[in-house]
Amino acid sequence: MQFDLTEEQEAFRAVVRDFAVTSIAPRAAEMDATGEFPVDLVHAMGDLGLFGLPFPEDLGGGGSDYLTYCIAIEEIARVDASMAITLEAGVSLGAAPFVYFGTPEQQKRWLPDLVSGRRLGAFGLTEPEAGSDAGATRTTAVRDGDEWVVNGAKTFITNSGTPITQNVTITAVTSRDAGGRPQITNIVIPAGTEGLVVESKYAKMGWRASDTHGLVFQDCRVPADHVLGAEGDGFRNFLRILDEGRIAIAAMSVGMAQGCLDEASRYATERVAFGRPIGKNQGVAFRVADMATAVDAARLLTYRAAWLRDQGRSFKKEAAIAKLYASEAAVDATRSATQIFGGYGYMDEYPVSRMYRDAKVLEIGEGTSEIQRQLIASELGL
Ligand SMILES: Cc1cc2nc3c(=O)[nH]c(=O)nc-3n(C[C@H](O)[C@H](O)[C@H](O)COP(=O)(O)OP(=O)(O)OC[C@H]3O[C@@H](n4cnc5c(N)ncnc54)[C@H](O)[C@@H]3O)c2cc1C
């Protein structure tokens, strides 16, 4: 068994860490306070090659393995969750459907701006009445000559209303089978299409500089060639996208937990109470030790899932295990770090306050913890 990263992976980690620390970290608090979506940072991540990282070079990608992509997400999340989720959603949810299900023509048309980070793609699965039960999609698409006419709504869609959003790929019911079961298809809706209404951005607990909107489709017409993958395969295809995306969310969780561990260990040696650093108290030191243990376990589970995916092996259960464990470890780590910072941890001038708010959604997005447990249990035959 080999636990070392390759020299290339280590070198790439150093490059992304340097970028995260010098370009993102100094702006993270202000972006959180204003909710500003930083287009320039997205383009800078694009210039580093992050948006095409795990995709084949002949599609304009970086040809890296998934583990390298996870390392990049981890390093960005270590300093700022909003930029990490912007990247994760752009790659795993925005571009990946075109890579896996697009025709060569569709890939040629839609991918260049997504893999370069010039523009962003969004993934519209969740609806007001269909979240965990995503198969309960109510959005419909009806064929009318050479066009599809889409009606319905999507909710909580990341990267869907930025100035550089290229498209949202959605699930829509396009027909019913003989038993009346809905046939769900993926359809690409370009930004700016008539009948696509982008609602105001949400006021969120965290991920404040990440862009999230509800979308409404009112007789929204797109050409017939905007169907991605085969008609009727849309739900299954999106579940495949989510299986892989969960590894990236696990990596984001590892990064956030590591960021909290860094902050808490430093603070525990600097802050003095009762005449000595607070870390000299076993009550504080053990808390830091527990954080370090959970970060290690979360990272190993995440890298294993990425490795399985890179080997072309089955990774559905392992991705769910990594996402479940790492997201809960991240939430625990942010709570512990805030506790170690005491009253200062409650103040926005310290990053742990923002991280505490940013972490919670890791247990919700791309499948809640309950859905991960359900999936793991079902893989175990229960
Ligand atoms: C900031 C943010 C960004 C997001 N970005 C996107 C995006 O880009 N694209 C997208 O499509 N979606 C996105 N989502 C949506 C996200 O994936 C859903 O919120 C999530 O899947 C849960 O769906 P829901 O909110 O409808 O909750 P519900 O499904 O209503 O669940 C409510 C609660 O009930 C529990 N529950 C439901 N069913 C069961 C069950 N069978 N057994 C046990 N417990 C159950 C859930 O675990 C949860 O605790 C985003 C969400 C947020 C908050």
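By class, the residues that line the largest pocket of this predicted model divide into 21 nonpolar, 13 polar and nine charged. The lining comprises 43 residues in total, and those that lie nearest the centre of the pocket are T126, I364, G365, E366 and G367. Two or more lining residues are given by each of the elements α4 (81-101), β1 (120-124), β3 (147-158), α6 (234-270) and α10 (369-379), and of these contributions the largest share, six residues, comes from α6. The space in this largest pocket amounts to about 1100 Å³.

The second largest pocket holds about 600 Å³ of space and is lined by 17 residues, with Q2, F3, L67, Y303 and W307 lying nearest its centre. The elements that give two or more residues to this lining are α1 (7-34) and α7 (282-310), and the largest share, six residues, is supplied by α7. In terms of residue class, the lining of the second largest pocket consists of seven nonpolar, four polar and six charged residues. Because both domain 1 (7-120) and domain 3 (236-379) give residues to this lining, the second largest pocket lies between these two domains.

The domain assignment, from which these bounds are taken, also places a domain 2 at residues 122-232, in addition to domain 1 (7-120) and domain 3 (236-379). The centres of domain 1 and domain 2, taken over C-alpha atoms, are separated by 23 Å, and the contact between them takes 31 residues from domain 1 and 24 residues from domain 2.

With respect to enclosed space, the structure holds one cavity of 30 Å³ or more, and the volume of the largest cavity is about 30 Å³. The residues lining the largest cavity are A28, M31, D32, D80, S82, R208, A209, R354 and D358, and the elements that give two or more residues to this lining are α1 and α9 (351-359). Helix α1 gives the most, with three residues. Divided by class, the lining of the largest cavity has three nonpolar, one polar and five charged residues.

Two of the residues that line this cavity, R208 and A209, are also touched by G35, which in addition touches K201 when residues up to four places away in sequence are not counted. G35 is placed in the loop between α1 and α2 (39-47), and its relative accessibility of 12%, which is under the 20% limit, means that G35 counts as buried. The C-alpha atoms of G35 and A203 lie 8.9 Å apart in space, although the two residues are 168 residues apart in sequence. A further pairing of residues distant along the chain is that of E30 and E349, which are 319 residues apart along the chain and have C-alpha atoms separated by 9.9 Å. E30 is located in helix α1 and, because its relative accessibility is 54%, counts as exposed.

K201, a residue touched by G35, is also among the contacts of T212, which, leaving aside neighbours within four places in sequence, are F156, I157, T158, K201, Y202 and K204. The contact with K204 includes a polar contact between the side chain of T212 and the side chain of K204, at 2.9 Å. T212 lies in strand β7 (residues 212-223), and with a relative accessibility of 8% T212 counts as buried.

Strand β7 also contains D219, for which phi is near 45°, a positive value in a residue other than glycine. N159, likewise not a glycine, has a positive phi of about 65° and is found in the loop between β3 and β4 (165-176). As to accessibility, N159 counts as buried because its relative accessibility is 0%, whereas D219, at 52% relative accessibility, counts as exposed.

Conventions
Residues are numbered from 1 along each chain as its sequence is written. This is a predicted model: local features need pLDDT of at least 70, side-chain atom pairs count only at pLDDT 80 or more; totals for chains, interfaces and linings use all residues. Side-chain values use heavy atoms; hydrogens and water are left out. On a 1 Å grid over the protein atoms alone, a cavity is a set of points where a 1.4 Å probe fits but cannot get out, and a pocket is an open set with protein on both sides within 12 Å along at least five of seven lines; lining residues have an atom within 4 Å of a point. Grid points are joined across faces, edges and corners, and a volume is the space filled by probe spheres set on the points. Helices (H or I, at least four residues) and strands (E, at least two) are DSSP runs, numbered from the N terminus. Ala, Val, Leu, Ile, Met, Phe, Trp, Tyr, Cys and Pro count as nonpolar, Asp, Glu, Lys and Arg as charged, and the others, Gly among them, as polar. Domain bounds come from an automatic or database domain assignment. Buried means under 20% relative accessible area, exposed over 50%, partly exposed in between (1.4 Å probe, protein chains only). A polar contact is a pair of N or O atoms within 3.5 Å; within protein, one must be able to donate a hydrogen and the other to accept it, and residues adjacent in sequence count only if both atoms are side-chain atoms. Contact means heavy atoms within 4.5 Å.
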